[in-house]
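Colleague: I am new to this structure and would like a close look at one part of it. Could you start from a single buried position and work outward, explaining the terms where the reasoning needs them?

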Amino acid sequence: MGYPADQLARGEEVKLHTRPHWKEGVGPVLWFVVFLAIGAIAVTYTTKLEWDGKLWLILAEVVIVIALLVWLSVIPWIRWRSTHYVITDQRIMWREGLVTRESRHIPLARVNTVSYTQNVWERVFGFGDMNIDSASDDGEINLIDVPKVDKTKALLYQLAEDDRSRRVGDGDGS
């Protein structure tokens, strides 16, 4: 899924569009499978009971399983799928949320420092956390679980340098 074109300035070109590493989607899928299996087993055993109130017990089991599925699986999955890390030839954008949306943008000209951290696990699977500091009141953006974080950092520095060169070229009338 591409980043919405209506969010880009005229002539702005997306250089990287990603979301947090796929490992963020594994937990919700596992929770979904586990609670679906537990719910199915619970309902199966409850239907075999010889008890007048078993219908209410089955209903309670279904409601509890659905609530756990939504809380531990559906909501985290949607949060992961609706988080976007976008780098264009003009700025860095972070956006998350489906119903309530939060967004931060930093122009490349304002990027001061870019750093990232990776533990051993993150190095093996090729992701890390990136911190982008701005030279203005724009603040900073912390991107969590960025895939190929080292290549993303290199791309960011290259684009910032290209942006500086373009601005210097535009400033002297050439």
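Modeller: A helix here is a DSSP run of H or I with at least four residues, a strand is a run of E with at least two, and both are numbered from the N terminus. The model is predicted, so local features are described only where pLDDT is at least 70.

The starting position is D163, which lies in helix 4. Buried means a relative accessible area under 20%. D163 has a relative accessible area of 1%, so this residue is buried. Apart from neighbours within four places in sequence, D163 is in contact with D89, L108 and A109.

Helix 4 covers residues 149–171 and supplies at least two residues of the largest nonpolar core. That core has 16 residues. The residues with the most contacts inside the core are I92, V111, M130, I132, L143 and L156. Strand 2 (84–88), strand 3 (91–96), strand 5, strand 6 and strand 7 also contribute, each with at least two residues.

I132 gives a view of the packing around one core residue. Leaving out residues up to four places away in sequence, I132 touches I92, I106, V111, T113, V114, G139, E140, I141, L143 and L156. Several of these names recur from the core: I92, V111, L143 and L156 are among the residues with the most contacts there.

The next step is the sheets. Strands of a sheet pair through backbone hydrogen bonds, either parallel or antiparallel. Strands 5, 6 and 7 form an open sheet in the order 5-6-7, with antiparallel pairing. Strand 5 (111–117) and strand 7 (140–147) are the edge strands, and each pairs on one side only. From one strand to the next, the twist averages 20°. Strand 6 takes in residues 127–134 and is joined to strand 7 by six bridges in the antiparallel sense. One of the paired positions is D133, whose bridge partner in strand 7 is E140. E140 is also one of the residues that I132 touches.

Strands 1 to 4 make an open sheet of four strands in the order 1-2-3-4, again with antiparallel pairing. Strand 1 (14–18) and strand 4 (102–107) each have a single partner strand, so one side of each is left without a neighbour in the sheet. Ignoring direction, neighbouring strands of this sheet are turned by 10° against each other on average. Strand 1 and strand 2 run antiparallel and are joined by four bridges. Within this pairing, H17 has V86 in strand 2 as its bridge partner.

Two positions on the way from strand 7 to helix 4 deserve a look at the backbone. Most residues other than glycine have a negative phi. D145 is found in strand 7, and its phi is near 55°, a positive value in a residue other than glycine. With a relative accessibility of 5%, D145 counts as buried. K148 is found in the loop between strand 7 and helix 4. The phi of K148 is near 50°, also a positive value in a residue other than glycine. K148 is exposed, with a relative accessible area of 55%.

Outside the sheets, the remaining notes concern rings. The structure holds four aromatic pairs. In one of them, the rings of W31 and F35 have centres 5.3 Å apart and planes at 20°, so the pair is stacked. The cut-off behind that word is planes under 30 degrees apart. W31 and F35 are four residues apart in helix 1 (residues 23–47), which means about one helical turn separates them. W31 counts as partly exposed at 39% relative accessibility, while F35 is buried at 13%.

A tilted pair is formed by W121 and F125, with 4.4 Å from centre to centre and 55° between the planes. Both residues lie in helix 3 (residues 120–125), four residues apart, about one turn of the helix. W121 counts as exposed at 52% relative accessibility, and F125 is partly exposed at 35%. Together with W22, these two residues form one aromatic cluster.

One ring also has a charge over it: the charged end of R19 sits over the ring of W80, 5.8 Å from the ring centre.

Technical notes
Residues numbered from 1 in each chain as written. Predicted model: local features only at pLDDT ≥ 70, side-chain atom pairs only at ≥ 80, totals over all residues. Heavy atoms only, no water. Pairing = 2+ DSSP bridges. Axes fitted to C-alpha atoms, helices over the stretch in contact; angles between N-to-C directions. Core = buried A, V, L, I, M, F, W, Y, C linked by side-chain atoms within 4.5 Å. Buried < 20%, exposed > 50% of the residue type's maximum accessible area, 1.4 Å probe, protein only. Contact = heavy atoms within 4.5 Å. Phe/Tyr/Trp six-rings, centres within 6.5 Å; stacked < 30°, edge-to-face > 60°. Lys NZ or Arg CZ within 6 Å of the ring centre and 35° of its normal.
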